[in-house]
Each structure stands twice: as C-alpha cells, then as structure tokens.
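Trainee: Could you take one part of this structure and go through it slowly? I would like the cut-offs behind each term as we reach them.

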Amino acid sequence: MRRPTLLVAGLAAFVALATWPVWHALAGPRPTAPELARPVGATECVAPTDYMRASHMKLLVEWRDRVVRDGVRAYTDRHGRVVTMSLSKTCIGACHTDKTKFCDRCHDYTGVKPTCWDCHVVPPVPAPPALAARGEVR
Amino acid sequence: MSTSRRVFLRLAATAATAAAAGSALGCAASGGARRRLAMAIDVRKCLDVHGCRACVDACHEAHNVPAIPDRAHEVKWVWKEPFERALAVREPATLPAALRGSEVLVLCNHCDNPPCTRVCPTGATWKRDDGVVAMDEHRCIGCRYCVAACPYGSRSFNFVDPRPFVAHPTSDYPTRTKGVVEKCTFCEERLAVGRLPACVDACPAGAMVFGDLDERGSEIRKLLNERYSVRRRPELGTRPQVFYVI
C-alpha cells in the first residue's frame, strides 16, 4: 500500500456519492403529509378513519365483488347508515366532490397508481357556489 | 355392526324426506319461483319507424360504448343486421315482401345455454339466476374465447383504448379498457333499480317488450303466446332469450 491517503480519500468519495440520496433527503425540507379535502359535517366514512386509511382498497374490492358478482348494491355501515356501493356515485360524487383533492393527493404522495379510473368515469366537479353550499373545504 | 334391511330402508326414507324438505325450504327462502328474463322484438313495429336508431343510441350513450370508426376495432352492444342474415333465413324468396332486405335489431341473446360462459377461463362471464348473461370486466383477461364461442357475434373486444372514442362519457357507468371484452348486459344496472333496459325505454314504436317469461300474465309472456316468434339459430341449442315476433 504505497498511497494510503489516496485510497482513503477515494473510499470516502465513493461512500459519500453512494449515500448521496440519503444525505440529500435529510438535508432538504421534510415532506409534509398531503392535506385532503374532506366533506364538512361528516365525522367518519363508512368505516373508522384508521381502517379506511389503511384498507380502503380492500373495502372497494369487496364492494366491487358484491355489486358485480352478487348484485347487492346497498351497504350498511356500523352506524346503520345505508349507502350505495359505488365508486363514482357515492365515494366521489355524493361524499367527496373532487377526486384530485382527495384520491390523487395521497396516491401521488405515495407513488401509487390505481387502475380504478381507467374505466370508471370521474363525475364532474360541481361549480364553486354549489361546492361552498355543500361545505366542501379547501 | 350389522344393519337389517328394514332399518336401512327406514333410514334411507328418513334421509330422503329430510333432503326434500330442506330443498323446498331453500326454494321458499330464495323467493320461490325463478325469474327468466327475456326480450321480444316486434319486427314489424320496428320496421314502421324506418331508419330509427333510438335504441342503439340510448344503449350506447348509457353504457359509454365507443364509436370507433375503424370497423376492425368497432365495439357494439345493440345494432342492426339484415333480416336474412340475422335469422339465417334459408329461403329468402318465401319471406313476406315487408321483411325481405329489411334490418332487424340484434344484441346479446342472453342464451339459456350460453356457450360463451362455458369457455371463459376466469369466470368473467356467467349466467345469473335470472337468466342475464353477465360480464365482469374486472376479471376479463382478454383471451377472446367467448368472442369465438358466441355464434351471434354479440361480443366486442377492445383492441384499442375506447375512452377517446366516447364522445360524452357518463359517470353513471364505467367505460371499458383496452384488452377486455364487452357486450349487452340487459341493462342489469337499470334492472337493479326497477327500470327497464335503456333500449326498451327509448323505442318510440314500443317494439321491444322486456320481462319475466316465467311470470304468468307478464306482457312478454302474453305477446309470445299470441304471436308467432322465432329465435336466432335455434338449431345450435343455445336457447336464445331474445325473441323476434314476426
């Protein structure tokens, strides 16, 4: 080993370069969780928020199977509220009005690309006055 | 352990009675009589409104059916075919003049013995208890076995993304995606809320009658009892549930 200094410097440079994305992310601003537009007045979706946050996709798949395979369209939640199992009539449309301010914000943040809307048609967003009347925020 | 013939016969008779009672109870629990949904098309009434496309337009608008100009890629749920071809008339010369060369409406026949459902490897298409041959595009893998199996050409495959070809997509019904098969579903989404199929509702001549064949006194039952009707390719044994009253 004739030039240990050069070797150490080279190794240090390599480690610095290889771990660059980590340093860069730590040095930069902390990412903030996306803010979701929630319907005002509604305290909870058809299931507890924690469940919906983690497992809404499972619920939607269950809804899909029940509607398409079994022909059942009504869903009764734990509070006895009955809703129509429909992505583009209930989830977006009746409850949330703007997909881009609800679904997309989290999916973009987490880099998830669900294929639901490849076929299902996003309902038109109501005009601003109608939105205000319904109490939709943000 | 030895069982005498008398004991064995007694046990067998008890089991058979229990099974019969259970089956009868199950039938009562599921609402008793089975439904057998079908459609009758009064060809002469349809011809009275020559050139009318109200049913086709209503269906295709309600279900976001794309209008693809390339005939190799076209998608259709309900359309018109020459009478002779649709009903495989062997001797066109014997047809009444009014029917010769005319066009009749064709759609999925919702066969009682559907060949398409038997060949589907994923269960994406199946016959419901009420007779509707349903389609679950979520499960369709695009193998097109059903397209090949259907003797009526009632199924369309999406060779291209259909969305750009839907002029005014309605959010009440999904579009399909490239790589899946689609067809008429007897408007199961409308039947679920007590409405008639879109084409039946839209027909200005009242030429289409939809209902339950098993319901005594239903409009379709009465029409088929009173008038002569034919079905498409009955020799194939598919037992179509779309009747042409001529």
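Mentor: What follows is a close look at the four-stranded sheet of chain B and at the nonpolar core around it.

This is a predicted model, in which local features need pLDDT of at least 70 and side-chain atom pairs count only at pLDDT 80 or more, while totals for chains, interfaces and linings use all residues. Residues are numbered from 1 along each chain as its sequence is written, and chains are lettered from A and ligands numbered from 1 in the order in which they are written.

Chain B is divided into domain 1 (1–32) and domain 2 (37–245), with bounds that come from an automatic or database domain assignment; taken over C-alpha atoms, the centres of these two domains are 43 Å apart.

The sheet is open and mixed, and its four strands in chain B follow the order β8-β1-β10-β9. Helices (H or I, at least four residues) and strands (E, at least two) are DSSP runs numbered from the N terminus, and two strands pair if DSSP finds at least two bridges between them. The edges are formed by β8 (208–212) and β9 (229–230) of chain B, each of which pairs on one side only. On the β9 side, two bridges join β9(B) to the antiparallel strand β10 (residues 242–245) of chain B, where B:V245 is the bridge partner of B:S229. Helix α9 (residues 219–226) of chain B packs on this sheet and touches β1 (37–42), β8, β9 and β10 of chain B, its direction making about 115° with that of β8(B). Contact here requires C-beta atoms, placed from the backbone, within 7 Å, and such angles run from 0 to 180 degrees between N-to-C directions, with axes fitted to C-alpha atoms, for helices over the stretch in contact.

The largest nonpolar core has 50 residues, and B:I41 and B:M208 touch the most other members. Such a core is a set of buried Ala, Val, Leu, Ile, Met, Phe, Trp, Tyr and Cys residues joined through C-beta atoms within 7 Å; buried means that 20 or more other C-beta atoms lie within 10 Å of the residue's own, exposed 12 or fewer, and partly exposed in between, again with C-beta atoms placed from the backbone. Among the elements that each supply at least two core residues are β1, β8 and β10 of chain B, and the largest share, five residues, comes from β1(B). Leaving aside residues up to four places away in sequence, B:M208 touches B:M39, B:I41, B:C55, B:C199, B:V200 and B:C203.

Technical notes
Two residues are in contact if their C-beta atoms, placed from the backbone, lie within 7 Å.
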